Every structure is written in structure tokens, then in C-alpha cells.
Amino acid sequence: MVKSQRSESEVLDGIERARRHGDKLKDEFVTLAHGAGGKASAQLVEQVFVAEYGNEILGELTDAGVLSFADMVAAAQSRCELEVPASTPLAAAHTDSAQADSAQAAHLAPRQTDREHCAAARLAFSTDSYVVNPIKFPGGSIGDLAVNGTVNDLAVTGAVPYGISAAFVIEEGLPIATLREIVADMHAAADRAGVQIVTGDTKVVPKGAADKLYITTAGVGVIPLSVHLAASSVQRGDRILLSGAIADHGMAVMMARGELGINAPIKSDTRAVNGLTAALLRAAPHTRWIRDATRGGLGTVLNELARATNYGVAIYEDQILVHDMARGAADMLGIDPLYVANEGMFAAVVPENEAAAALAAVQAEPGGEEARLAGKIVAKPEAAVVLVTGFGGTRLVDMLVGDPLPRIC
């Protein structure tokens, strides 16, 4: 019998592969060793996080994800190529009759990309932490929230989201299988939003020092020079657009806790809205302001808008969609749906003459089918929000005091 012998180079290659990849992660639970910076930490990072996220930037395993600003601007250039719909008169309203025909003709043509303007685009940077309980709930998980929340915070500034960081604080004893599921949710959410998770960090704390898992994400994106969103731009007569139904997320998490003895099939609305905001800005290039209605709900963000502009905000009860299950659960708990957190919808202020085009564009996008024009900016009452009821009466929607739904995101 002849023994097969490996060459010295083959042996060395095998040693290098073993050194590079390490032993297979066999632990079933996260231990303090996984946060100590040694072999256990390397196994966790490489075989759970890097293996799942799988992109070249993260795969470098450096202390920082290195991004090309030129690539970020290039990714945002499509946002600069805005087309003004024929139904939007824009500046033609300010021309005399002799100029109207030529102005309308100009507005029918696509606006040319100005590469110099794209090169002067601004950088948007956002960060948020997630401590939701439970970490998995109908319609999503803490992983979905961590990606979608940061993407949405960038998107409502008008930015094109590009890269995300993710930092984990893990309680000792968390099942590795659960961690893999959360990481997979984050990867899927990032893919849907068109972003990459490019850097991160992991810490493990003793059992009882945290509640399973906390995640902090930060993100960067580029705001094209043609996009200007600010409360100071809002004008009387502008319309308020809601991208979807309210209260689903907060009520889904409350039901998932199982503490209320109520069983209702409510799913969180967690989703990335950057596709919706991009469609909105293409159809309504003079959009004034956008906010995602997360903690504190729609009522809180509209109060912040009213105070920032000193205008009144009038919203119409019959145009604010609340799904029956979410409304029923909120009613049983004595909670106004206007103050319940959302994780996949936003409120926007658009000019009256662009409102119809804005609504049609958002409704045509996945996740925006239930968009509504639900209110307007008014002169009185100053710095206040009023709800116009289905019977024609009004009631004041005040700023939320306290938090009726803690640890909702």
C-alpha cells in the first residue's frame, strides 16, 4: 500500500485555512467568552455576523468600514434626475399669460442631471438604539427594526441611504440560533432597502444585565442638492400626506407580550420607506417636510411640526386609516391610535398643486397602497393640531405626556 503524501505547501495551506477560519462555532448559547475578544469572539463575529451579512467592506474585518464618497454620490445621482409631472404647474402659476405656454412646455421635459450639483450633495448621518420587548413579534423582529428604523431616519431627510453600522449588546445565555435569526432578519431588511451593513461591534454582558439583546445602528446617506426639506419651508394651504395606516406596530408588540390576555392577529408595519420617499420626491419635487411617525405616533410628530412652523395642522378623522384590529386593541387599552408608534409609515407636507401627483406616486409603490391625503396646514389655531371628526366637530390633539407603550422599538 502506497501512502499518499502531501507537499509542504499543501500542509502550510491547510494550516493557513484553519488559522483563518478557526474552529466551527459549536456553542448553543452566547457566553461571556464570546465578548472577550479571543477565539470565541472571532468565531461569533465571523460565523454569525460576517457570514450572514456577506459583503466585501465588512469582510475586511477592519476597525472601520471604508466607504467611497464618490460611490455614495453616484448612488444618489438617480435622485437628482427628477421628472416634473405634466399635471404640476409649478412656476407657471407665477408667470403672466404671455409666458405660460413656454413655461408649461419646459415643465413637461425631464430635468437634466447636474453632475456638479450631485457632487455638492450633503451627507446625512443618523443613529438609533433598539430595545424592543419581545425581540420577535408578528411582522418583524428587533433586527428588522434596527435596519428599517435607521434607513427611514435617513430617508425622511431626503437622503439616499447607503451604509449602516450595527452594534450589539447581548445578554449571556441568548441562544445562538436566536441570534442567527435576528442577524438574518437584518440582512434581509438591508437587502430590501438597498443598503449594506459595513461595520459593527459586539458586547456580551452577564445574565440579568440586559434583556436578551439590544442593537444600535447608525447610517449614512447622501441628500441631493435638489432636495430641501425643512419645517421652515411649510406654507399655509399645504396638504398633509400619510403614507399608510397608523398604530399597527405598537399594537402588534403589545399583543406579542402576552400580558393583556388579548389575542389579536395584528402585524407590525416595520418596513423601509426609502422607496416611498424617493417616489414622493420625484412626483412632488417641492415637498416641504417629511417625518416618520415612530415613538409618540402621528399625534406627536404633527405637534412638533405645528410648533416649529407656528401654523395650525388640521387632520381629518375619516382620512386617517387605522386597521380594525389595531383600533379594537387600542380601544380596549384606552389608547388613542394617534399616539401609537409606527415603524413603516411617514407624514409629509406637500404643496397643494403637487398633492395629487404625490399621492398617486406613493400609492403606486409597494407599501404605499394605503396612502391618504389626510389634512392641511392652516393659519389658526397657531402652533396646534386639531382633529376634524366625522361629524364635523373638532378636538385638540395635544402633545403626548409620558409613554403609554414603553419599549416599543
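Student: Which strands does helix H10 lie across, and at about what angle does H10 run to S10?

Tutor: Please keep in mind that this model is predicted. Helix H10, residues 274-283, lies across S8 and S10, and its direction is at about 10° to that of S10. A second helix, H11 (residues 297-309), packs on the sheet and touches S7, S8, S9, S10, S11 and S12. The direction of H11 makes about 150° with that of S8.

Student: In what order do the strands of this sheet stand?

Tutor: The sheet is open and has seven strands, in the order S8-S10-S7-S11-S9-S12-S13, with mixed pairing. Strand S8 (289-292) and strand S13 (394-396) are the edge strands, since each pairs on one side only. On average, neighbouring strands are turned by 25° against each other, direction ignored.

Student: In which sense do S8 and S10 pair, and over how many bridges?

Tutor: The pairing of S8 with strand S10 (residues 346-350) is antiparallel and comprises four bridges. As an example, Arg291 has Ala347 in S10 as its bridge partner.

Student: Which residues touch the most other members of the largest nonpolar core?

Tutor: As a general idea, nonpolar side chains in soluble globular proteins tend to be buried together. Here the largest nonpolar core has 78 residues, and Phe168, Leu179 and Leu298 touch the most other members. Helix H8 (residues 176-193) gives the most to this core, with eight residues. Beyond four places away in sequence, Leu298 touches Leu242, Ile246, Ala293, Ile320, Leu338, Asn342 and Ala347. Another core, of 17 residues, lies apart from the largest one and includes Val156, Phe346, Val350 and Ala355.

Methods. Residues are numbered from 1 along each chain as its sequence is written. This is a predicted model: local features need pLDDT of at least 70, side-chain atom pairs count only at pLDDT 80 or more; totals for chains, interfaces and linings use all residues. Side-chain values use heavy atoms; hydrogens and water are left out. Two strands pair if DSSP finds at least two bridges between them. Helices (H or I, at least four residues) and strands (E, at least two) are DSSP runs, numbered from the N terminus. Axes are lines fitted to C-alpha atoms, for helices over the stretch in contact, and angles run from 0 to 180 degrees between N-to-C directions. Contact means heavy atoms within 4.5 Å. A nonpolar core is a set of buried Ala, Val, Leu, Ile, Met, Phe, Trp, Tyr and Cys residues joined through side-chain atoms within 4.5 Å. Buried means under 20% relative accessible area, exposed over 50%, partly exposed in between (1.4 Å probe, protein chains only).
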